[in-house]
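These are my notebook entries on a structure that I looked up. I kept each entry short and wrote it in whole sentences.

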Amino acid sequence: MQEITGLFKIAEILRAILGRFLSDPQLVDICMSLINIGSIFTIISLTAVVLVYAERKVSAFMQRRSGPNRVGPGGTLQTVADMVKLMAKEDIMPAGADKWMWMLAPILLFIPAAAVFVVFPFDNKAIFADLNIGVFYFIAMSSQSVLPFLMAGWASNNKYSLVGGMRTVAQMLSYEVPMVLSILGIVMLAGSMRMSTIVAAQQHTWFILLQPIAFVVYVITATAEINRAPFDLVEGESEIVAGPFTEYTGMRWALFFLAEYANLLAVSVIATTLFLGGWNGPWLPGWVWFFLKVGGMVFLFMWFRWTFPRLRIDQLMSFGWKVLLPLALLNIIVTGIGMYIYEFFS
Amino acid sequence: MLKTETFTLNMGPQHPSTHGVLQVVLELDGETVVQAIPNMGYLHRGIEKLAESRTYAQFIPYTDRLDYVSSMGNNLGYCQTVEKMMDIKVPERAEYLRIIMTELNRIASHLIFMGSLAIDLGASTGMMFGFRSRERILDLFDMVCGARQTYTYIRFGGVSADIPSEFIPALERFLTDFPAMLDEYHRLLTGNEILYHRLKNTGVISAQRAVEIGLTGPALRASGVDYDIRKVEPYGIYDRFDFSVPLGQVGDCWDRYTIRMEEMKQSAGIVAQALSQMPEGTVMASVPKVVKPPAGEVYHSIENPRGELGYYIVSNGGTNPYRLHVRRPSFINLQVLNEACQGLLIGDVVAILATLDSLMGEVDC
């Protein structure tokens, strides 16, 4: 067993300190849960701030501009300024909107985006709930985000929003299937859906080396899942203005934004955990490795966004069903045969 | 009993990808376009009517505001029309300067086309790159006439001023850098599989239909019709240059895109030839202070980046035109939109609008 360092150590120290002040060990447990929840939410909200800044800097780098450079040193406080601006904005509800559905949509979208963070192994033993169906939980939760998009699109009483909402359902449903099938290869190799087991199985060989096709399929479908370019048909600025978000202003719109970046982080974390060995790595502490790999994946997704044109809806559908799905199925068959041969010879 | 019905989507006049204030009334069956009716007139300024109460020289700045991304061509077309009426002979050096400026403007205009096509298809980096290179050309124009967009550089009998000494080295630097820039765009956009599949076989306009509607410029040549006024009816001194006119085969968005990319290369070639042949001398012929063309009418057209730009002037011998009409290629090219869009998807409408490259300043004269 690897020596326990990093985040879990910090938690142990905190627990010891709390133990001195609180007599009941149950109270300590409750306090520790609250601290864990708090830190996850901190990560989510910090993510949005950092990633928005990063996105603007990365896009500037790719387009040979300087990007934000006025607010704070190197423009680092730009996102904070934007947040303040968004909070001060007037909250406009379109006439004829379905009030409750319209108001609930951004909140409901944020819930699955936040809920998936429960099963992310940030470091050795630093996982909020090490469910034995961790992978399944992630897939189940992330697929919940289809409905809020449709709600927002329908309730806005705007044709652009409606077209955007319909596109979301078509896109997310058809890319969910190859995504699940691509992850299935990993589950077969690791023999478990538990995140910690999957990471532990990659101590020597990252699964990207054993499952390169699955990785490619996963990255493509993940881009489609989080509606980023070249699969950003949901918002497709030049076609349907902003899709389901068209009628949202101020903080409601910011919640969509927050969820979008939380999702971006989520798929990057899953890619890291399932394919890139999670927190495994020499010399550096596990959580540093983890965030380095996640950062690499996030950069990859940003690179896509600022390089590729957008697909058309029919091309998107045919690519998902006619290319990615057979590829993912083929990958499962090859993996199965490979595992059988491997077991036969060893 | 279940039934479906079409719905109307007003794309514009305030929409990210209608390039100004165009409204396209889309009748949609789900995402499929049943009808796409362009609704113009949001930028109408009555320029043709204004001409009747302006002197001939006063009208030159108005031409800048027609196709405002290729103003040099607009100036040239108008000035050559008036020169044709009055039989003014333009000095050699001015002729060469006119060629250099209009061809540079063609490159600048096509760069905007490339950039706006890229961003309409969701690749915003392409737009940034296009505008970056266009900036180099605008700097050159700034040197010769002090303006970046509305030049009024070409006048009756020549050009407003000779080029400054720093112009030629700057232009040579640009011409040296340009092939590398073009190569970069080809690598970023032309080689992109998604872009290819978005543009290939979308918005096909047959050669026959293109001629019937009166398309001109790259939109016509994409359908395979070899019609470039610079070759067919060389105006100015275009017969002295060696350049080829790229032609398409299918008439789809992809052809319209590749033709413009190739035209940029040809234009750079013309500029280089003109620069090497340009003689010294005066840049302005002696033109009467008050321009009073003899009574009569004349039509003259030139090849602007968007197609055949024609000026039709009726003079009654006075100081103002009696009637002035501009044949605006953007306006006429836009008429094909409905036919080209039918049966396609919303995403294709955007691509077709971008490749027809209609500019609202010129559509609404």
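**Entry 1: A:Leu7**

Does A:Leu7 count as buried or exposed, and what are its C-beta neighbours inside 10 Å in number? I noted beforehand that this is a predicted model. I counted 21 C-beta neighbours inside 10 Å, so A:Leu7 counts as buried; the cut-off for that class is 20 or more. I located A:Leu7 in helix α1 of chain A, residues 7-21. Leaving out residues up to four places away in sequence, I listed A:Phe122, A:Asp123, A:Ala126 and A:Trp287 as the residues that A:Leu7 touches. I then looked at one of these pairs along the chain: A:Leu7 and A:Phe122 are 115 residues apart, and their C-alpha atoms are separated by 8.0 Å.

**Entry 2: Confidence**

I looked up the scores of the predictor. The complex has an ipTM of 0.79 and a pTM of 0.86. For chain B I recorded an average pLDDT of 88, with 100% of the residues scoring at least 70. I keep a general caution in mind: where pLDDT is low, predicted coordinates should not be read in detail.

**Entry 3: Helices α3 and α12 of chain A**

At what angle do α3(A) and α12(A) pack? I found an angle of about 135 degrees between helix α3 (residues 78-88) and helix α12 (residues 250-275), and their axes are 6 Å apart. The two helices are therefore oblique to each other. Angles over 145 degrees would count as roughly antiparallel. On the α3(A) side I noted A:Met83, A:Leu86 and A:Met87, which meet A:Gly250, A:Met251, A:Trp253 and A:Ala254 in α12(A). By class, the residues of this contact are 6 nonpolar, 1 polar and no charged.

**Entry 4: The contact of chains A and B**

How many residues does the contact take from each chain? I recorded 24 residues from chain A and 26 residues from chain B. On the side of chain A that touches chain B, the elements that give two or more residues are α7 (159-190), α11 (237-240) and α14 (313-345). Of these, α11(A) gives the most, with 4 residues. I also sorted this side of chain A by class and obtained 11 nonpolar, 4 polar and 9 charged residues.

**Entry 5: The largest nonpolar core**

I looked up which residues touch the most other members of the largest nonpolar core, which has 196 residues. From chain A they are A:Tyr218, A:Tyr261, A:Leu265 and A:Ala271, and from chain B they are B:Val33, B:Val349 and B:Ile352. I followed A:Ala271 further. Not counting residues up to four places away in sequence, A:Ala271 touches A:Tyr218, A:Val219, A:Ala222, A:Leu276 and A:Met297.

**Entry 6: Two residues with positive phi**

Most residues other than glycine have a negative phi. I therefore noted two residues with a positive value, beginning with A:Arg64, which is not a glycine and has a phi of about 55 degrees. A:Arg64 lies in the loop between α2 (25-62) and α3 of chain A, and A:Arg64 is exposed, with 10 other C-beta atoms within 10 Å. The second is B:Thr152, with a positive phi of about 50 degrees. I placed B:Thr152 in the loop between α5 (124-145) and β4 (154-155) of chain B. B:Thr152 is partly exposed, because 19 other C-beta atoms lie within 10 Å.

**Entry 7: Two loop residues of chain A**

Is A:Thr246 buried or exposed? I found A:Thr246 buried, with 20 other C-beta atoms within 10 Å. A:Thr246 lies in the loop between α11 and α12 of chain A. Setting aside neighbours within four places in sequence, the contacts of A:Thr246 are A:Ser156, A:Asn158, A:Tyr160, A:Ser161 and A:Val241.

I then turned to A:Asp130, in the loop between α4 (99-115) and α5 (134-142) of chain A. A:Asp130 is partly exposed, with 14 other C-beta atoms within 10 Å. Beyond its neighbours within four places in sequence, A:Asp130 is in contact with A:Arg194, A:Met195 and A:Ser196.

**Entry 8: A:Ile30**

My final residue was A:Ile30, in helix α2 of chain A. A:Ile30 has 13 other C-beta atoms within 10 Å and is therefore partly exposed. From C-alpha to C-alpha, A:Ile30 and A:Phe344 are 49 Å apart in space, and they are 314 residues apart in sequence.

Methods: Residues numbered from 1 in each chain as written. Chains lettered and ligands numbered in written order. Predicted model: local features only at pLDDT ≥ 70, side-chain atom pairs only at ≥ 80, totals over all residues. Axes fitted to C-alpha atoms, helices over the stretch in contact; angles between N-to-C directions. Parallel < 35°, antiparallel > 145°, perpendicular 65-115°, else oblique. Contact = placed C-beta atoms within 7 Å. Nonpolar A, V, L, I, M, F, W, Y, C, P; charged D, E, K, R; others polar. pLDDT = per-residue confidence, 0-100. Core = buried A, V, L, I, M, F, W, Y, C linked by C-beta atoms within 7 Å. Buried ≥ 20, exposed ≤ 12 C-beta atoms within 10 Å, placed from the backbone.
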